[in-house]
Every structure is written in C-alpha cells, then in structure tokens.
Amino acid sequence: MQQPLNQDGTPSVIYAYILSAALWLFLGSLYGVILAAKLWAPEFLGVELLSFGRIRPVHTSTILLGWLTLVNMGLGYLVVFRSARRPLWSVDLAWAGLILANIALVSGTVSLHLGITRGPLEYREWVLPIAAVMAPAVLCNGANVLMTLIHRRVEEMYISNWFILGSYIWLPILYVIAYIPIFDHGVETLVIQGYYMHDVLGLWFTPMAIGITYWSLPRLLHKPIYSYSLGVLAFWANLVFYTMLGAHHFVLGPLPWWLVSTAAMLGIGMMIPVWSTVFNFTLTMKGSWALMRREPASWFILAGTCTYGLASLQGSFQGLRDFSQLIHFTHYTVAHAHWAAYGFASFLAFGAVYALLPRLTEVMERAALRRAIKWHFWLSLSGIAIYFVSLTIAGTIQGLRWGEGLPFVASLEGIAPYMLVRLIGGSLMAASHVIFLWVVWRLRPAAFIRPAFARPGASAPVQPAE
Amino acid sequence: MINHFFHTRPVALVVIVGAIFFALSWVIAVRPALSLRAETLRLMATQPAPDPSIARGRALYIAEGCGYCHSQLVRATFVDAPYGRATVAADYAGQRPPMPGTQRTGPDLSDVGTRQPSWMWQFMHLYNPRSMVPQSVMPSFPWYFEVMPRAEAEAHEFGLYAAAFDASILAPGLVAVPTQEAVDLVAYLRALKQE
C-alpha cells in the first residue's frame with residue numbers, strides 16, 4: 001500500500017477501535033467465566049452487584065456491542081479506506097463514533113450492574129438514554145463509510161463494501177424498531193424480540209464479518225477471491241432470507257402460526273447465502289494450503305468459515321418444530337449461540353486483525369508474534385470446542401429428560417458435571433483473549449495521532465507523523 | 001447489468017437495500033406487531049390496575065434478571081405440560097415487558113402461583129434455594145432479608161415469616177426475616193397464575 005494513507009490519523013483511529021474492542025472482549029469473557037462458575041457453584045461471588053441475573057446481560061452486551069461491534073467497525077473502516085484507496089472521509093467523525101460507543105458501553109455496563117434494565121430482552125436491555133448514545137455512534141460511522149466510498153479513488157466499489165455499507169443501513173433501522181416504545185408490552189413484544197434478536201446477528205455481525213473477510217482473505221493469500229458472483233448472490237440472499245426468520249424463537253408459542261412457519265421455512269433458505277459464502281472462501285483457499293500452513297491468521301479464517309457453514313446448518317434445523325420442542329430453552333441453544341458468535345464471527349475478526357493490523361500500523365515483527373498468535377488459536381479453538389461439545393450434550397440431556405416427563409431436578413442432576421467442563425472451555429477462551437490483547441498492544445502504531453477535537457488549537461491539517 | 005450498476009453507485013445501493021430491508025421488516029415484524037397491538041389495547045382496557053406490591057415485585061423480578069433463567073411461556077407441546085396450559089397471546093396483555101424467556105435454567109413460572117402458593121416456601125427458597133431444592137443452581141438473595149436473633153424477630157413487621165435454617169446456611173439462634181422487597185417479590189410470584 002502506498003504512502004499518504006498512513007499519515008493522516010486514519011490508522012490511529014482504526015487501531016483505537018481494535019484496541020478498545022480487545023479490551024471489551026477481555027472484560028466480557030471475564031463476565032462469561034464468572035457466569036459459568038456460578039452455574040457450577042451458585043454461591044460463588046454471591047453479592048448483589050454480581051448476581052447472575054444482573055451480569056448475564058452485561059456479558060452479552062459487552063461481547064456483542066463492545067467486542068464484536070467495535071472490532072467490526074474498526075476493521076470495516078480499514079477495509080473501506082484501503083479498497084477506496086483514500087484516507088477516511090473524516091477521521092474526527094470516526095473518533096466521535098468510538099467515544100460515543102464507549103460512553104454507551106460503560107454506562108450500559110454500570111446500569112445493568114445496578115439492575116437498571118428494560119427487562120430480559122436480549123441485546124436491547126440498555127435503557128433508552130443509553131441506546132440514544134449508541135445510535136449516533138453507528139450513524140457517525142455509517143455516514144463516514146458512505147462518504148469515503150462516494151469519494152473513492154477507484155472506479156468500482158469492491159464487494160466487501162457492499163456488505164459493510166448494507167450493515168450500516170440495516171443496523172439503524174433495526175435498532176430503531178427494537179426501541180419503538182409502543183411495542184414494549186403485550187404479545188407484540190415477542191414479534192419484535194424475535195426479529196431484533198436474530199436480525200442483529202444476521203444483518204449486522206454476519207455481513208460485517210463476511211465483508212471484512214472478502215478483503216482479509218485475498219490480502220493474506222495474495223490472490224483474488226474465487227467468485228465475485230457468489231459474493232453478490234450471498235449478499236442479496238442473506239438480505240431476503242435472514243431478515244424474516246426471527247420468529248423461530250417462539251415455535252409452538254402464542255404468535256400467529258404463519259409468522260413462525262415463514263421463519264422456519266426461510267431458515268432453511270439460509271443455506272443459499274451461507275454455502276455460497278463458505279464455498280467462495282474455501283475455494284479461494286484451495287491451492288494455497290502451503291502458504292496457509294505458515295500463516296496462523298489464515299487458520300482463524302479457515303476455522304471461522306467452516307464454523308459459519310456448520311453452525312448455520314445447525315441453526316436452520318433448530319427452527320423446525322419437532323426439533324425445537326425438545327432443544328429450545330436448553331443449553332443446546334447456548335452452545336449454538338456461542339459457536340456462531342465466537343467460532344464464526346469472532347474467529348473471522350481475529351483472523352482479519354492478525355492479517356491486516358501489522359500492514360496498517362507498519363509493525364513488521366510478525367515472525368516474533370506468530371508464536372503468540374498460534375497459542376491464541378489453539379487456546380481459542382480448544383476452548384470453544386470443549387464449550388460447544390459439553391453444552392450440546394448438556395442441552396440434549398435436558399431436552400430428553402423434559403421430554404420423558406421427569407421432574408425438573410432430574411435435568412439439573414444430569415447436566416451438573418457438564419457445567420464444570422463448560423467452565424474449563426470458557427476459561428481457555430478467556431485466557432486466549434489475554435494473548436490477543438497483548439498482540440494487539442504490540443501491534444500499536446509508532447506515532448499515535450489523536451483526534452483534532454482533542455488537540456487544543458489544532459486547526460491546521462494534521463502533520464505527517466515523525 | 002444490475003450488479004455493475006451498484007458497483008459504481010454506493011448511494012443507490014444504500015437506498016435500495018435499506019428500502020428492501022425496511023419493507024421486509026414491515027411485513028415480518030412491524031405490521032404483525034401493530035395488528036397484535038390492537039388486541040392488546042382492547043384487553044388492557046378491561047384489566048384492573050395491578051396491586052402496588054405485586055407491581056413492585058415485578059419490577060424487582062426484572063431488575064434481578066430472573067427472566068434470563070425462568071421462562072414464562074408454556075408451549076403447545078407435551079414437553080411443557082408440567083407447567084400449565086399453553087400460553088395464549090392474551091396472557092401477555094398489559095405486561096411491560098412480557099418475559100417469555102429464552103432459557104430454562106430453572107423451571108417455567110407462568111403458573112407458579114398455583115403450583116407453589118406458600119409464602120414460607122418462597123421466602124426460604126429465595127434466601128437460599130439449596131435449602132429447599134438441593135440440586136438448584138439459583139442465586140441466593142440474602143440481601144432481601146434481615147438476619148436477627150429469633151427473639152428480635154417477634155417484633156418485626158414480617159416476623160411471622162422468620163425462617164431458621166440448617167447450621168451450614170445460618171447460625172443456630174438466628175433467623176432470616178424478609179424485607180418489604182422480598183414480600184413484594186413473593187407477592188408477584190404468587191400472582192403468577194394462569195386463568
């Protein structure tokens with residue numbers, strides 16, 4: 001990549017996003033470990049501010065809205081400015097987005113500890129004033145991405161940018177619908193909850209991760225993507241199928257049956273975009289295995305791609321009535337959620353950070369860091385594998401014992417040992433995030449350029465670093 | 001070629017995919033929610049105002065995140081038969097927010113007021129769930145109780161519900177007396193009855 005790109009503060013703000021995300025990941029996985037420990041030893045840390053029901057939403061919101069959202073925003077900026085071959089349209093707007101998001105995350109975390117919440121509505125527990133700080137952060141970044149792409153210095157917009165631009169228009173619509181106050185009571189809440197809870201995964205985290213990988217994978221392997229058309233197909237199919245499958249969370253519940261049936265059917269349709277993407281990525285890798293063996297960043301992308309295919313396949317079937325009646329409400333769904341959000345979305349983010357960050361900040365001691373990255377990979381992978389297998393078994397036990405009509409405590413007795421195994425798996429993942437944080441810190445840019453609005457009297461154009 | 005069209009027009013792409021997403025969201029979420037809301041409003045008009053203690057108890061239930069582990073959704077399947085009749089839309093009318101839940105780390109509570117109406121059982125279970133259900137992984141909520149010598153409890157407003165426990169939980173001679181919060185919370189749990 002040639003010259004002026006790295007000299008206007010664009011790399012600094014992108015790095016700040018990724019560092020911030022890594023910190024939220026570390027914090028969020030600590031909450032996860034505490035929660036897992038409490039399900040094994042319920043009196044562990046038995047104080048009011050750390051009680052299970054209070055920190056459960058802290059775990060999900062720090063991981064999803066802190067780690068995954070911020071890392072995708074940072075990596076999204078990176079892909080957009082590289083592929084548009086120009087610096088970000090406004091570095092200050094990017095800083096404003098990061099600062100607003102962190103204000104929302106800190107106040108959201110504190111408020112949930114204090115029991116200030118909208119109720120057990122997944123991923124939208126923050127009360128309205130806090131969500132009203134998060135929303136402009138998304139809008140700042142969305143506007144910035146759009147303006148950067150409008151003023152791109154290449155003729156065509158690369159496929160990555162389709163996914164990233166799309167995500168930035170879908171999330172605000174989704175977030176506003178999730179917070180419409182007339183829908184927060186009565187059965188209509190369930191309609192909105194199913195829609196929001198699943199669409200935030202499918203129209204924010206998923207397309208961001210895929211769009212970023214459409215850039216990180218070819219960069220890493222020094223070759224173009226296998227098929228451009230498959231990427232375009234996945235883009236449109238994901239939009240149509242994923243938007244409408246949220247109601248599968250309430251199979252056999254009190255929602256209109258047409259809604260749930262539509263959701264289950266379109267859930268099966270998800271195989272079209274999922275397998276288009278999976279084949280596109282793996283066929284791009286084909287022929288480059290020797291290179292990939294030496295490059296641990298690509299291991300994350302390979303594992304993430306495989307998980308995307310398998311976890312999505314699993315998800316398609318979980319929405320079917322016969323299966324859902326046994327496994328819904330059990331740990332089986334928790335295993336699935338972690339496999340997808342971690343094994344797929346987080347792994348692709350790890351891979352992209354390791355593939356792109358050294359090139360961005362021009363820290364080229366990658367050989368020295370490779371050992372650490374390998375450790376991170378094997379710890380993460382064994383952690384999520386242990387976690388997934390133990391909870392899938394636990395969920396199956398729960399579902400079968402409930403289905404047999406045994407008393408509820410029989411299911412608790414059946415799963416007790418697996419809660420310890422899951423705690424071990426979770427601890428391995430948390431340990432790997434310490435390594436991740438350390439590597440990200442080592443990859444910091446030599447000269448860190450702060451936003452103009454934080455530098456008194458800075459009105460002149462930013463000077464090149466050093 | 002349509003794809004070439006979007007490759008050079010970011011604004012058009014954003015407008016079109018935003019419009020498609022909004023239209024699909026309207027069909028799958030907003031319009032069904034609006035039509036269900038009409039029925040909810042009609043039902044709410046016939047409901048009496050909730051008892052203040054029960055309403056405070058529900059607020060505590062929300063603040064403590066009880067709904068993450070206890071569902072309030074009985075599905076139309078044999079698996080859910082132990083918890084009552086299948087939930088219908090009208091059951092959620094007036095609930096802000098309803099708490100169908102996503103997990104059953106503990107049992108469904110849609111009809112717990114019928115299943116377990118005892119104040120004393122609920123207080124002891126809340127103070128330490130293991131005292132009533134040894135296999136339970138529910139958190140204890142001792143901060144909703146005052147621990148005092150038994151003699152003192154007699155004069156307490158809720159001294160009637162003073163509970164002594166096994167020595168591993170509470171020293172002999174001491175009792176746990178519910179605070180107003182615990183009374184509110186249990187009042188809410190007892191009010192969870194299917195009609």
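## A tour of chains A and B

Begin with chain B, whose average pLDDT (the predictor's confidence in each residue, from 0 to 100) is 95, with 98% of the residues scoring at least 70. This is a predicted model, in which local features need pLDDT of at least 70 and side-chain atom pairs count only at pLDDT 80 or more, while totals for chains, interfaces and linings use all residues. Residues are numbered from 1 along each chain as its sequence is written, and chains are lettered from A and ligands numbered from 1 in the order in which they are written. The model as a whole scores ipTM 0.95 and pTM 0.95.

Next, select the side of chain B that touches chain A: 59 residues of chain B are in contact with 67 residues of chain A, contact meaning that C-beta atoms, placed from the backbone, lie within 7 Å. The elements of chain B that give two or more residues to this side are helix H1 (2-7), helix H2 (10-45) and helix H3 (52-63), where helices are DSSP runs of H or I with at least four residues, numbered from the N terminus. H2(B) gives the most, with 19 residues.

Now add helix H4 (residues 128-150) of chain A, whose axis comes within 9 Å of that of H2(B) and crosses it at roughly 140°; axes are lines fitted to C-alpha atoms, for helices over the stretch in contact, and angles run from 0 to 180 degrees between N-to-C directions. The two helices, H4(A) and H2(B), are therefore oblique to each other, a class left over once angles under 35 degrees count as roughly parallel, over 145 as roughly antiparallel and 65 to 115 as roughly perpendicular. Here A:Leu146, A:Leu149 and A:Ile150 meet B:Pro10, B:Val11 and B:Val14.

Move to A:Ile415 in H15(A), where a kink of about 40° lies shortly before the proline A:Pro417; the bend is the angle between axes fitted to the seven residues ending at a residue and the seven starting there.

Two backbone details remain. Select B:Arg96 and B:Pro97, which are joined by a cis peptide bond with omega near -15°; B:Pro97 is in the loop between H3 and helix H4 (112-115) of chain B. Finish at A:Leu45, which has a positive phi of about 50° although it is not a glycine.

How values were computed: Contact = placed C-beta atoms within 7 Å.
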